[in-house]
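Work through the exercises below with the model open. Try each task before you read its solution.

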Amino acid sequence: MLRNPFRNLDHKKLSRSSDVLKAQNDYFKIVNRRIFVFSIIITVCFAMIVVRLGYLQLIAQEDYARKLENYSSNTEKDASSRGQILDRNNQAVAKTVSSHNIVYFPPQDVSSEEQWELAQKFAKRFEVSIDAMTNSDYQDLYMFLHTDKNGEKDGGKNLLKEEELNYSADEKEKLIRNRITKEMVDELADENTKKAFVVYLAMRKLPDTQTKVVIEDANENDVAYLTENKEEFPGFNVDLSSWKREYPYGDTLRDVLGSVTTSKQGIPSELRAYYEAKGYALTSRVGKSGLEQQYEELLAGTPRVSEIAYDEDGIALLTPISSGKKGYDLHMSIDIDLQQRVDAILNQTLETYAGTAGREKFNKLSVILMNPMTGEIYAMSGKYKDEAGKIQNFSSAAYLDSYASGSVVKGATVYMLLEEGAESKTSIEIDAPMRIANDKERSSYQNYGPVDAVKALQVSSNVYMWRVF
């Protein structure tokens, strides 16, 4: 029988069994220590939770209650009356006047078919214009109306070839739109149907929880009829607090003043992300150019806020919860009467001299009148004659156009000479033809003879400027 080679090793281990038991007893201390540390961590965590709950319920309760109300309630924002733009004499050059818009707020659970029927009924009774319909709108109308042999709407798929029916949805739509002609639309839709579709598009405009403008600046007859017969047109109403922009001085300074979007246009797509980040509704009217855009946030004011609820018939009820605040008025240094007189002078000058002999390339004028002590601009006029020979306004040329400096630098030149003592007011230079180095002979517009600094500026002497340098 083979001898166990590990027998002696086993006997040695057994001889120290008490040490093994002691080592096992040490594990209880380790476990107890860990339980103690874990208990402290749990206690600290619960303490933090208790402190946080106390903060939320006692200190921040009102703020979070307000946030909960904002998230859980439906509200609508409407623009307050826009501030006016005034000249230095407080004459309104961009005026805000009240108007009446016919608007639509979708009732609850209304279907697109019901909206189309209502749009047709509305178009027959109210004055609706189709002038603003785009080519895309006409294409939409064709795809909306066209039906197949079974009378089912097919979205214009009749214009696709058999092999094209397997294309992607985007490719099919592009092909259909490219093949729709105005004649094809006219065969499907008469004038009343087109008007109804304009109304339908306005009714369906996103977002759903926002009032849509169907007719902007409606006439008195339409306003009166809808006011008396609202039950016939569920969801339609008259907005008596709407406004429109007027420019009493017509085209005067219009490119500087800029313009505002209409209620139907809302925020331009290229500016949508910017204004949404500032809390504007998609249907808000905003400045899209000039001073109207530059000072939008001041002119717009604070919007009115209404809470949205629905009655038993599903019709929206808007309850004002914030009246908003009218926008600030913008005061310019411009004198609009002086501006008009300067415009008239530029008009007359262009009509008389533009394109005449020796001035073949002369077709544009810009003039700025300003207070040299304060920098205030009293008039900023610009005109140009287009290819058809018609004179157009371009007041913003003063800061949008660039020109090579001409005799305008003579004033700065004389000022520098006098300031540095290089010349005096009485210093005389002879204005006669002269030659610089081997260059050709040069002169002023005519030979002025002896000229001092004042006369040099008066006659715009070229020779004086050359000689003093």
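**Confidence first**

This is a predicted model. The mean pLDDT of the protein chain is 87, with 92% of its residues at 70 or more.

**Exercise 1.** Find which elements have the lowest and the highest mean pLDDT.

*Solution.* Start at the low end: helix 1 (residues 7-15) has a mean of 53. At the high end, strand 2 (residues 85-86) has a mean of 97.

**Exercise 2.** Describe the largest nonpolar core and name the elements that build it.

*Solution.* Step one: size. This core has 39 residues. Step two: the residues with the most contacts inside it are Ile102, Trp116, Phe122, Val199, Val214, Ile215 and Phe236. Step three: sources. Elements giving two or more residues include strand 4 (101-104), helix 4 (112-125), helix 8 (191-204) and strand 5 (212-215). Helix 8 contributes the most, seven residues. Step four: another core lies apart from it, with 17 residues, including Val93, Tyr247, Leu253 and Ile334.

**Exercise 3.** Check the length of helix 8 against the expected span.

*Solution.* Helix 8 has 14 residues. At 1.5 Å a residue, the helix should span 20 Å. Its end C-alpha atoms are 20 Å apart, so the two values agree.

**Exercise 4.** Trace how helix 8 is packed, beginning at its start.

*Solution.* At the start, a side-chain oxygen of Asp190 comes to within 3.3 Å of the backbone nitrogen of Asn192. Next, list buried residues: among them are Lys194, Phe197, Val199 and Tyr200. The buried residues of helix 8 pack against strand 4, helix 4, helix 5, helix 7, strand 5 and strand 6. Finally, zoom in on Val199. Leaving out residues up to four places away in sequence, Val199 touches Ala119, Phe122, Val128, Val214 and Phe236.

Technical notes:
Residues numbered from 1 in each chain as written. Predicted model: local features only at pLDDT ≥ 70, side-chain atom pairs only at ≥ 80, totals over all residues. Heavy atoms only, no water. Core = buried A, V, L, I, M, F, W, Y, C linked by side-chain atoms within 4.5 Å. Buried < 20%, exposed > 50% of the residue type's maximum accessible area, 1.4 Å probe, protein only. Helix = DSSP H or I, 4+ residues; strand = E, 2+ residues; numbered from the N terminus. Contact = heavy atoms within 4.5 Å. pLDDT = per-residue confidence, 0-100. Expected span 1.5 Å × (residues − 1). Polar contact = N/O pair within 3.5 Å; in protein donor to acceptor, adjacent residues only side chain to side chain.
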